Amino acid sequence: MKSFKGFFEKYQWEEVREKLEKVTLSDVEKSLRKSSKTIEDFLNLLSPVASQKLEAMAKMAQQLTQKRFGKTIQLYAPLYLSNECQNICTYCGFSLDNSIKRKTLTDTELMIEATVLKSMGVNHVLLVSGEANKTVGIDYFLNAVKLLKPHFANISIEVQPLSDEEYGQLHEAGVNAVLVYQETYHKEVYKEYHPKGKKSNFNFRLETPDRIGNAGIHKMGLGVLLGLEDWRVDSFFNALHIDYLQKTYWKSKFSVSFPRLRPAEGIIEPNFIMSDKDLLQLICAYRIWNEDLEISISTRENEKFRNNIISLGATAMSAASKTNPGGYAVDKESLEQFETSDERSMDEIKKIIKKAGYDPIMKDWDAVYSGV
């Protein structure tokens, strides 16, 4: 099976880092003027020197986003199914070595949580769980999708990497999108962050989007955990991955998310601090490089940043998020995966979006445009 692995191995982490440092202001200006951008242009826009052109990048990102997506922001909310996990990950509150109460939602509890989300107007739900195959495996996910499908226009999932066959089953069940993050593309240190569990297999995780693409899933979401390693190098590899996937699975759509390390039970401190200005540069670089890419901003980010990013490249935002199983109603005190920063309600977020002159959309644009 063709996969990203062979393509990925043509690049070296340190070589990419050195190329980023050597980019000149002239290189950045040339990339900004080009009508069609390559992955090398993305590298230029990602470079340290490109921060000097941030104002121009922000204006261009705004124009390109409005041209492709109009003045709309898609809203969604996560629904955490379980905090049980068999992996040890040094940055995650769900890590196996954290001595905390574990919880997996029953069918009844799942529907109670769903009812609360529906009362908030949510029509696009993201199902999230820890990685515990025996407790929350494919049968659990298929059952959850079956229960929720009549109540939500779009169902996305962010769970452990699965097989081709299992992704095919989810596709048949009506899952619209699958999100999977490599966390870091720095293979040499990956094991240090993932010392135990199936997630410690770098290559298996790296090839997960290929399995998703082979299954015909409508949309894939990628990203890296910003704060583990050099965000510029990691983001270059993430874009390289997206570039490969778009060319290989051209019928699928793609999104990118920007999770920055947030406080959680037992996690490490960030190795690389990423400022709000850095994150804005990264978002603008993605938009200028790839007009069709959906850009998602989570409640990890603070209110001020989320307010401003509405008009500068974002196309989707989570709102009123609870990152613990049962967090909306069933078990509000269960362990969170991470702390949220923007705790405003769904209605408050809608008002902010409208005040900025944008329309909050409660389900996928494809369904909206087709009249479904």
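# A walk through the model

Start with helix 12, which gives three residues to the lining of the second largest pocket, the largest share of that lining. Keep in mind as you click around that this is a predicted model.

**Stop 1: the second largest pocket**

Helix 12 covers residues 231-248, so colour that stretch along with strand 6, residues 253-257; each of the two supplies at least two residues of the pocket's lining. The space in this second largest pocket comes to about 220 Å³. Which residues should you select to find the middle of the second largest pocket? Pick Gln246, Ser252, Phe254, Asn290 and Asp292, the closest to its centre among the 13 that line it. Now try colouring the lining by class: you'll get six charged residues, four nonpolar and three polar.

**Stop 2: the second largest cavity**

Next, head for the enclosed spaces. Rolling a probe the size of a water molecule over the atoms shows where empty space is left. There are five cavities of 30 Å³ or more here, and the second largest holds about 170 Å³. To land at this second largest cavity, select Tyr76, His124, Leu179, Ser255 and Ser296, which are the closest to its centre out of 17 lining residues.

Which strands each supply at least two residues of that cavity's lining? Show these as ribbons:

- strand 1 (72-82) and strand 2 (124-129)
- strand 4 (177-179) and strand 5 (219-222)
- strand 6 and strand 7 (294-297)

By class, the lining of the second largest cavity has eight polar, seven nonpolar and two charged residues.

**Stop 3: rings together**

Time to show the aromatic side chains. The whole structure has 19 aromatic pairs. One of them joins Phe258 and Tyr286, with 5.7 Å centre to centre and 70° between the planes, an edge-to-face arrangement. Phe258 lies in the loop between strand 6 and helix 13 (276-289) while Tyr286 is in helix 13, so this pair ties together parts that are 28 residues apart in sequence. Are Phe258 and Tyr286 buried or exposed? Both are buried.

For a group of rings, select Phe4, Phe7, Phe8, Tyr11, Trp13, Tyr185, Tyr190, Phe202, Phe236, Phe237 and Tyr244; these form one aromatic cluster.

**Stop 4: charges over rings**

Keep the rings on display and bring up two arginines. The charged end of Arg211 sits over the ring of Phe204, 4.0 Å from the ring's centre. Then hop to Arg68, whose charged end sits over the ring of Phe69, 4.5 Å from the centre of that ring.

**Stop 5: Cys284 and Ser31**

Go back to helix 13 and select Cys284, which is found there. Why does Cys284 count as buried? Its relative accessibility is 0%, and buried means under 20%. Leaving aside residues up to four places away in sequence, Cys284 touches Met57, Ala58, Ala61 and Leu312. Now draw a line from Cys284 to Leu45, C-alpha to C-alpha: the two are 239 residues apart in sequence, and 8.4 Å apart in space.

Leu45 also turns up in the next selection, Ser31. With residues up to four places away in sequence not counted, Ser31 touches Leu45, Lys37, Asp41 and Asn44. Ser31 is found in helix 3, residues 25-33, and counts as buried at 1% relative accessibility.

**Stop 6: two backbone oddities**

Most residues other than glycine have a negative phi, and most peptide bonds are trans. Select Glu183 for an exception: this residue has a positive phi of about 75° although it is not a glycine. Glu183 lies in the loop between strand 4 and helix 9 (187-193), and it counts as buried at 8% relative accessibility.

Ala320 is another non-glycine with a positive phi, about 55°. You'll find Ala320 in the loop between strand 8 (316-318) and helix 15 (346-355). With 12% relative accessibility, Ala320 counts as buried.

**Last stop: Glu343**

Stay with the loop between strand 8 and helix 15, where Glu343 is found too. Is Glu343 buried or exposed? Glu343 counts as exposed, at 64% relative accessibility. To finish, draw one more C-alpha to C-alpha line, from Glu343 to Lys101: they are 242 residues apart in sequence and 24 Å apart in space.

How values were computed:
Residues numbered from 1 in each chain as written. Predicted model: local features only at pLDDT ≥ 70, side-chain atom pairs only at ≥ 80, totals over all residues. Heavy atoms only, no water. 1 Å grid on protein atoms, 1.4 Å probe; cavity = no way out; pocket = protein on both sides within 12 Å on 5 of 7 lines; lining within 4 Å. Points joined across faces, edges and corners; volume = space filled by probe spheres on them. Helix = DSSP H or I, 4+ residues; strand = E, 2+ residues; numbered from the N terminus. Nonpolar A, V, L, I, M, F, W, Y, C, P; charged D, E, K, R; others polar. Buried < 20%, exposed > 50% of the residue type's maximum accessible area, 1.4 Å probe, protein only. Contact = heavy atoms within 4.5 Å. Phe/Tyr/Trp six-rings, centres within 6.5 Å; stacked < 30°, edge-to-face > 60°. Lys NZ or Arg CZ within 6 Å of the ring centre and 35° of its normal.
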